[in-house]
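Student: I have a model open and would like to practise reading it with you. Could we go through the terms and check what each one rests on?

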Amino acid sequence: MTSEPDCFFCDSALGTSAARRSVRSCLSQWHVERLADDAALVLSELLSNALRHGAPPVRVSVTLRRTRQNGPTVHIEVADAGHTLNYGFSESRWGHPAHTMDENGRGLRLVDALSCRWGDEPTPQGHTVWADLA
């Protein structure tokens with residue numbers, strides 16, 4: 001597997017609109033524009049969650065990984081100093097009838113639908129939520 005260098009690594013000062021523009025620019029440079037809409041939405045959801053529910057500093061990293069077998073994969077990471085995400089709990093809420101009326105919590109459902117894999121990893125500084133798009 002080979003990886004392109006991170007296209008951008010930023011803190012929360014960038015904001016979600018600028019982050020979406022940056023990820024689109026990166027994917028264009030890497031010639032994987034077909035993933036741009038999905039990548040921009042996934043990045044926006046993860047970054048919004050980190051800014052709303054996490055703790056500073058918030059950092060974003062986008063990397064292109066290439067494998068001979070699977071082709072290009074865009075790897076998005078959003079790290080913050082907050083507590084780890086309990087996505088098992090979030091996933092269990094998706095099936096509850098009251099969740100359809102809830103205005104919050106739909107973002108991870110989008111991440112789940114658009115990503116081939118995603119998850120959360122604790123770090124010494126907080127946690128990182130990541131998603132892979134192929």
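Student: What makes H1 and H2 a helix pair, and at what angle do their axes cross?

Tutor: In this predicted model, the axes of H1 and H2 come within 9 Å and cross at roughly 145°. The crossing is right-handed. From H1, Thr16, Ala19, Arg20, Val23, Arg24 and Leu27 take part, and they meet Ala36, Asp37, Ala39, Ala40, Leu43, Ser44, Leu47, Ser48 and Leu51 of H2. Sorted by type, the residues of this contact are nine nonpolar, three polar and three charged.

Student: How do you know that those residues meet?

Tutor: Contact is called when heavy atoms lie within 4.5 Å. The residues listed for H1 and H2, Val23 and Leu43 among them, are in the contact between these helices.

Student: Which residue between H1 and H2 has a positive phi?

Tutor: That is histidine 31, in the loop between helix H1 (16-29) and H2. Its phi is near 65°, a positive value in a residue other than glycine.

Student: Why is histidine 31 called exposed?

Tutor: The cut-off for exposed is over 50% relative accessible area. Histidine 31 has 63% relative accessibility, so it counts as exposed.

Student: Let's move to the other partner of H2. How do the axes of H2 and H4 cross?

Tutor: The axes of helix H2 (residues 36-53) and H4 come within 9 Å, crossing at roughly 145°. Here the crossing is left-handed. The residues of this contact divide into seven nonpolar, two polar and two charged. On the H2 side they are Asp38, Leu41, Val42, Glu45, Leu46 and Asn49, and on the H4 side Gly107, Leu108, Leu110, Val111 and Leu114.

Student: Just past H4 I see serine 115. Where is it, and why is it called buried?

Tutor: Serine 115 sits in the loop between helix H4 (107-114) and strand S5 (117-123). Buried means under 20% relative accessible area. Serine 115 has 10% relative accessibility, and therefore counts as buried.

Student: What lies around serine 115?

Tutor: Leaving aside residues up to four places away in sequence, serine 115 touches Val42, Ala131, Asp132 and Leu133. Val42 is also one of the H2 residues that meet H4.

Student: What makes the pair of serine 115 and valine 111 a polar contact?

Tutor: The distance to beat is 3.5 Å, for a pair of N or O atoms in which one can donate a hydrogen and the other can accept it. A polar atom of the serine 115 side chain lies 2.8 Å from the backbone oxygen of valine 111.

Student: Now the strands. Why is S6 said to be mostly covered?

Tutor: The count answers that: eight of the eight residues of strand S6 (residues 126-133) are buried. S4 is mostly covered too, with eight of its 10 residues buried.

Student: How do you know that S6 pairs with S4 and with S5?

Tutor: Two strands pair if there are at least two bridges between them. Seven bridges join strand S4 (residues 71-80) to S6, and these strands run antiparallel. S5 and S6 are also antiparallel and joined by seven bridges. For landmarks, valine 78 stands opposite valine 129 in S6, while glycine 119 stands opposite tryptophan 130 in S6.

Student: Which strands form hairpins, and how many residues lie between them?

Tutor: S5 and S6 form a hairpin with two residues between them. Another hairpin joins S3 to S4 through three residues. S3 and S4 pair in the antiparallel sense over nine bridges, and valine 62 stands opposite isoleucine 76 in S4.

Student: What makes the bond before proline 57 cis?

Tutor: Omega is near 0° for the peptide bond from proline 56 to proline 57, and that bond is cis. Proline 57 lies in the loop between H2 and strand S3 (59-67).

Student: To finish, what is the pattern along the sequence, and how much of the protein is buried?

Tutor: The protein has four helices and six strands, in the order β-β-α-α-β-β-α-α-β-β. Buried residues make up 40% of its 134 residues. Among contacts with a separation of 6 or more, 58% are between residues 24 or more positions apart.

Notes:
Residues numbered from 1 in each chain as written. Predicted model: local features only at pLDDT ≥ 70, side-chain atom pairs only at ≥ 80, totals over all residues. Heavy atoms only, no water. Buried < 20%, exposed > 50% of the residue type's maximum accessible area, 1.4 Å probe, protein only. Axes fitted to C-alpha atoms, helices over the stretch in contact; angles between N-to-C directions. Left-handed = near helix turned anticlockwise from the far one by under 90°. Nonpolar A, V, L, I, M, F, W, Y, C, P; charged D, E, K, R; others polar.
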